[in-house]
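Student: Could we go through this structure together, taking each label in turn and asking what justifies it?
Tutor: Gladly; let us set each value beside its cut-off before drawing a conclusion.

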Amino acid sequence: MRDLLAERLASYAPRQLALDYPEAGILVPVTDDHRNPEMVFTLRSAKLTTHRGQVSYPGGRRDLQDSTLESTALRETHEEIGLPPEQVDVIAPLSQVMSRYGILVTPYVGVIPADYPLEHNPDEIESIFRVPLSFFLEDRRERTDALPFMNHTLYVPCYRWERYQIWGMSAVVLVDFLNAVYDAGIDLLEPPKGD
């Protein structure tokens, strides 16, 4: 899996937003299972003040001691799901996104061991779950949300996996990953045909 991701993301030019906002780093964890790779998501605790009860990638706001946003993503991932930085093979960044709370988020694709025992931090995370990448490549979206973003409208898919809804900013990052790695051709600027 690592070689495929490295090859596909080597020529990818992530979009950088030249904005002066608070920053965050998130990890887009993909398991190293070559036959059935999965992506790892979290369900944020209902006790949190932002994005509570929503599906997200592990990560968070940059601290002063973080030398890079990649180190932010790895530190926060360790805190949230118990995955140490040395268990993550960071491949490349994806395009930056802006959260609705005015935070500039940089996602990093990382390969993780499929069998590593992840453990959620109950203060921040309600649960951890995995979704096969093959599910997303079939584009079995539950709906498409029209979301305003910087003088544009984005048509963002919402996917349902078991009891979880993957939508909003997490879905934007997911689509960027699918388009960059698998040429999925999911256009966020146009509503899907048939809608």
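Student: Why is alanine 180 called buried?
Tutor: In this predicted model, alanine 180 has a relative accessible area of 13%, and because buried means under 20%, alanine 180 counts as buried. Alanine 180 is found in helix α4 and, leaving aside neighbours within four places in sequence, is in contact with Arg8, Leu9 and Tyr12. Its C-alpha atom is separated by 27 Å from that of aspartate 66, a residue 114 places away along the chain.

Student: What makes α4 as a whole largely enclosed by the rest of the structure?
Tutor: The conclusion rests on a count: 12 of the 15 residues of α4 are buried, so the helix is largely enclosed by the rest of the structure. Among the buried residues are Gly168, Val172, Leu174, Asp176 and Phe177.

Student: How do you know that the span of α4 is close to what is expected?
Tutor: Helix α4 covers residues 168-182 and reaches 21 Å from its first C-alpha to its last, while the expected value, at 1.5 Å a residue, is likewise 21 Å.

Student: What makes aspartate 183, in the segment after α4, count as exposed?
Tutor: Its relative accessibility is 64%, and since exposed means over 50%, aspartate 183 counts as exposed. Aspartate 183 also has a positive phi of about 50°, although it is not a glycine.

Student: Why is aspartate 139 called partly exposed?
Tutor: The relative accessibility of aspartate 139 is 30%, and because partly exposed lies between the 20% and 50% limits, aspartate 139 counts as partly exposed. Aspartate 139 is found in the loop between α3 and β9, and its phi is near 50°, a positive value in a residue other than glycine.

Student: Leucine 83 is found in the loop between α2 and β5; is it buried or exposed, and how do you know?
Tutor: Leucine 83 has a relative accessible area of 0%, and as the limit for buried is under 20%, leucine 83 is buried. Not counting residues up to four places away in sequence, leucine 83 touches Thr77, His78, Val88, Ile112, Tyr116 and Leu118. Leucine 83 and glutamate 119 are 36 residues apart in sequence and 7.9 Å apart in space, C-alpha to C-alpha.

Student: Which residues of the largest nonpolar core touch the most other members?
Tutor: Of the 46 residues in that core, they are Leu5, Met39, Phe41, Phe136, Ile166 and Phe177. Helix α4 gives the most to this core, with 9 residues. Apart from it lies another core, of 11 residues, among them Leu27, Val40, Val88 and Tyr108. In soluble globular proteins, nonpolar side chains tend to be buried together.

Student: What does methionine 39 touch?
Tutor: Beyond residues up to four places away in sequence, the residues that methionine 39 touches include Val28, Tyr57, Phe129, Leu174 and Phe177.

Student: What makes up the lining of the largest pocket?
Tutor: The residues of the lining divide into 23 nonpolar, 12 polar and 9 charged. This pocket has a volume of about 1,200 Å³ and is lined by 44 residues, of which Val97, Met98, Ser99, Arg100 and Met169 lie nearest its centre. Elements that each supply at least two lining residues include β1, α2, β9 and β10, whereas the largest share, 8 residues, comes from α4.

Key
Residues are numbered from 1 along each chain as its sequence is written. This is a predicted model: local features need pLDDT of at least 70, side-chain atom pairs count only at pLDDT 80 or more; totals for chains, interfaces and linings use all residues. Side-chain values use heavy atoms; hydrogens and water are left out. Helices (H or I, at least four residues) and strands (E, at least two) are DSSP runs, numbered from the N terminus. The expected span of a helix is 1.5 Å times one less than its number of residues. Buried means under 20% relative accessible area, exposed over 50%, partly exposed in between (1.4 Å probe, protein chains only). On a 1 Å grid over the protein atoms alone, a cavity is a set of points where a 1.4 Å probe fits but cannot get out, and a pocket is an open set with protein on both sides within 12 Å along at least five of seven lines; lining residues have an atom within 4 Å of a point. Grid points are joined across faces, edges and corners, and a volume is the space filled by probe spheres set on the points. Ala, Val, Leu, Ile, Met, Phe, Trp, Tyr, Cys and Pro count as nonpolar, Asp, Glu, Lys and Arg as charged, and the others, Gly among them, as polar. A nonpolar core is a set of buried Ala, Val, Leu, Ile, Met, Phe, Trp, Tyr and Cys residues joined through side-chain atoms within 4.5 Å. Contact means heavy atoms within 4.5 Å.
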